[in-house]
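The following note collects comments on the structure under review. The points are numbered and may be read independently.

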Amino acid sequence: MEKTVAVLQGDGIGKEVTKSAVKVLQAVGRRFDHSFQVKKGMIGGEAIDNAGDPLPKETVELCEKSDAILLGAVGGPRWDQNPSHLRPEKGLLAIRKHFGLFANLRPVKAVPGMVDASPLKEHLVEQVDMMIVRELTGGLYFGEPKRKSANGAVDTLTYSRAEIERIVEKAFELARVRKGKVTSVDKANVLESSKLWREIVEEKKEYYPDIELEHILVDAAAMKMITQPSSFDVVVTENLFGDILSDEASVITGSLGMLPSASIRSDGFGLYEPVHGSAPDISGMNIANPAAAILSVAMMLKYSFNMSTEAAAVEQAVYSVYKDGYCTTDVQKVGHRVLSTTAFTDKVIEELERELVSDHIMSAYV
Ligand SMILES: NC(=O)C1=CN([C@@H]2O[C@H](COP(=O)(O)OP(=O)(O)OC[C@H]3O[C@@H](n4cnc5c(N)ncnc54)[C@H](O)[C@@H]3O)[C@@H](O)[C@H]2O)C=CC1
Ligand SMILES: CC(C)CC(=O)C(=O)O
Ligand SMILES: [Mg+2]
């Protein structure tokens with residue numbers, strides 16, 4: 001099969017981990033006889049420096065002509081004092097909005113043999129398999145008015161009924177092919193938008209009598225995610241809460257560098273990126289963990305290209321490298337050998353090339 005992938009590396013470690021992800025994508029092409037055309041575009045700080053715009057129109061056109069988008073991360077201290085419209089993060093928000101990528105899927109799974117890499121106790125971590133479904137194109141990051149002056153500042157949290165309905169439906173549908181439970185996270189004791197959110201979740205529940213539903217306030221959810229992480233299956237929530245809770249959930253696996261994500265819309269088109277940012281503190285050192293970016297390729301194969309076997313093979317290859325006793329510096333695993341970004345990537349590719357595709361390959365990120 002032939003597919004075109006727009007690759008937007010962005011800034012900081014975004015460049016390093018995206019190179020790894022592309023190498024793995026090409027290895028999948030060789031292994032399974034697909035042709036992946038990779039076309040590079042600019043976003044974020046790099047695009048501000050070279051084109052004066054965090055999301056140049058050439059990048060949008062490139063993505064429109066592609067079958068999927070692979071993104072690294074944007075941002076860094078160099079642009080932190082820029083006005084809002086010239087911040088790298090603006091490019092990321094704009095591309096999500098432009099393509100209508102309302103559903104951000106962030107799987108959090110205990111990696112076999114790696115549960116002791118988590119700062120949490122092993123018995124809390126070993127059964128964890130949750131999917132955070134974060135609404136991505138509404139809420140506080142986009143609401144108007146939004147402004148700051150010397151005397152004050154305002155951000156607006158707004159959601160339409162339709163925006164809530166489609167993300168909640170997505171969560172129930174995912175629960176049906178997973179463990180059959182939805183946890184809806186809100187702040188319905190205080191926020192009007194959360195009251196509407198909860199009402200809509202209850203309405204949608206009528207169509208999914210087979211799914212167990214729980215509502216939980218976001219502050220309590222933050223606590224329960226650490227004390228009982230394996231009690232969650234699908235967690236659906238609005239944009240800001242989902243952003244924060246998913247970084248928190250990364251400690252369950254052991255590192256933010258292990259969490260991939262898919263940002264999709266109803267027709268299957270999607271943008272795939274690690275959950276983490278551009279990590280200026282380790283940028284340029286060849287020590288970033290490329291697993292999140294590589295596993296984002298697995299999600300692309302599954303969700304945009306319908307290549308579940310290939311997706312599972314990538315996931316399995318990453319797990320095998322961990323099982324063989326290797327990791328990167330962010331993962332605190334006693335007895336494991338610490339590899340650089342490029343060496344870890346090479347190990348994943350070696351695994352992928354020798355892996356036998358058989359029934360034991362688990363289904364990736366359902
Ligand atoms: N999707 C995106 O492009 C995102 C961009 N950002 C931007 O990134 C910049 C840095 O933000 P931070 O708050 O520091 O968040 P961050 O996610 O970049 O880093 C947080 C911490 O995790 C570590 N880390 C992150 N990814 C890692 C990996 N793959 N391997 C090893 N360690 C890793 C970093 O070294 C740092 O100590 C900011 O400009 C921010 O706006 C932040 C989050 C998401
Ligand atoms: C950089 C922000 C705009 C987004 C973010 O932190 C995220 O999507 O995880
Ligand atoms: Mg974030």
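1. The buried residues of helix H4 are covered by elements that include helix H2 (45-51), strand S11 (260-264) and strand S12. Within helix H4, the buried positions are Pro88, Lys90, Gly91, Leu92, Ile95 and Arg96. Directly after the helix, Gly100 adopts a positive phi of about 65°. It should be kept in mind throughout that this is a predicted model.

2. Helix H4 (residues 88-98) is also the element that contributes most to the shell around ligand 2, supplying three residues. That shell consists of Glu89, Leu92, Leu93, Asp243 and Val275. By class, three of these residues are nonpolar, none is polar and two are charged. Leu92 thus appears both in the shell around ligand 2 and among the buried residues of helix H4.

3. Which residues are closest to ligand 1? They are Gly75, Gly257, His276, Gly277 and Asn289, out of 22 residues that surround the ligand. Two elements give two or more residues to this shell, namely helix H1 (13-32) and helix H4. The classes represented around ligand 1 are eleven nonpolar, seven polar and four charged residues. Helix H4 therefore deserves attention in connection with both ligands, given its place in the shell around ligand 1 and in the shell around ligand 2.

4. The main sheet is open and has ten strands, arranged in the order S2-S1-S3-S12-S11-S4-S5-S10-S8-S9 with mixed pairing. Strand S2 (35-41) and strand S9 (212-217) form its edges; each has a single partner strand, so one side of each is left without a neighbour in the sheet. From one strand to the next, the twist averages 25°. Helix H8 (residues 218-227) packs on this sheet, where it touches strand S8 (181-186) and strand S9, and its direction makes about 110° with that of strand S9.

5. Within the sheet, strand S3 (residues 68-73) and strand S12 (residues 270-274) run parallel and are joined by two bridges. One residue pair may be located directly in the display: Ile69 has Leu271 of strand S12 as its bridge partner. Strand S12 is also among the elements that cover the buried residues of helix H4.

6. Strands S6 and S7 form a hairpin, with two residues between them. Strand S6 (residues 143-149) runs antiparallel to strand S7, and four bridges join the two. Gly143 stands opposite Thr156 of strand S7. Is strand S7 (residues 152-156) buried or largely in the open? Of its five residues the number buried is zero, so the strand lies largely in the open.

7. The same hairpin contains a backbone feature that merits inspection: the peptide bond from Glu144 to Pro145 is cis, with omega near 0°. Pro145 is located in strand S6.

8. Two further backbone features are found in the loop that follows strand S12. Ala279, in the loop between strand S12 and helix H10 (291-303), has a positive phi of about 40° although it is not a glycine. Asn286, located in the loop between strand S12 and helix H10, likewise has a positive phi, near 55°, and is a residue other than glycine. What are the surroundings of Ala279, with its other C-beta atoms within 10 Å? There are 24 such atoms, so Ala279 is buried. Asn286, by contrast, has 15 C-beta neighbours inside 10 Å and therefore counts as partly exposed.

9. The domain assignment divides the protein into domain 1 (1-102 + 266-366) and domain 2 (119-253). Taken over C-alpha atoms, the centres of domain 1 and domain 2 are separated by 24 Å. Contact between them involves eight residues of domain 1 and twelve residues of domain 2. The side of domain 1 that touches domain 2 comprises five nonpolar, one polar and two charged residues.

10. The final point concerns His123, which lies in helix H5 (residues 122-125). His123 has 9 other C-beta atoms within 10 Å and is therefore exposed. Relative to Thr59, His123 is 64 residues away in sequence and 46 Å away in space, C-alpha to C-alpha.

Methods. Residues numbered from 1 in each chain as written. Chains lettered and ligands numbered in written order. Predicted model: local features only at pLDDT ≥ 70, side-chain atom pairs only at ≥ 80, totals over all residues. Pairing = 2+ DSSP bridges. Axes fitted to C-alpha atoms, helices over the stretch in contact; angles between N-to-C directions. Contact = placed C-beta atoms within 7 Å. Near = placed C-beta within 6 Å. Nonpolar A, V, L, I, M, F, W, Y, C, P; charged D, E, K, R; others polar. Buried ≥ 20, exposed ≤ 12 C-beta atoms within 10 Å, placed from the backbone. Domains from an automatic or database assignment.
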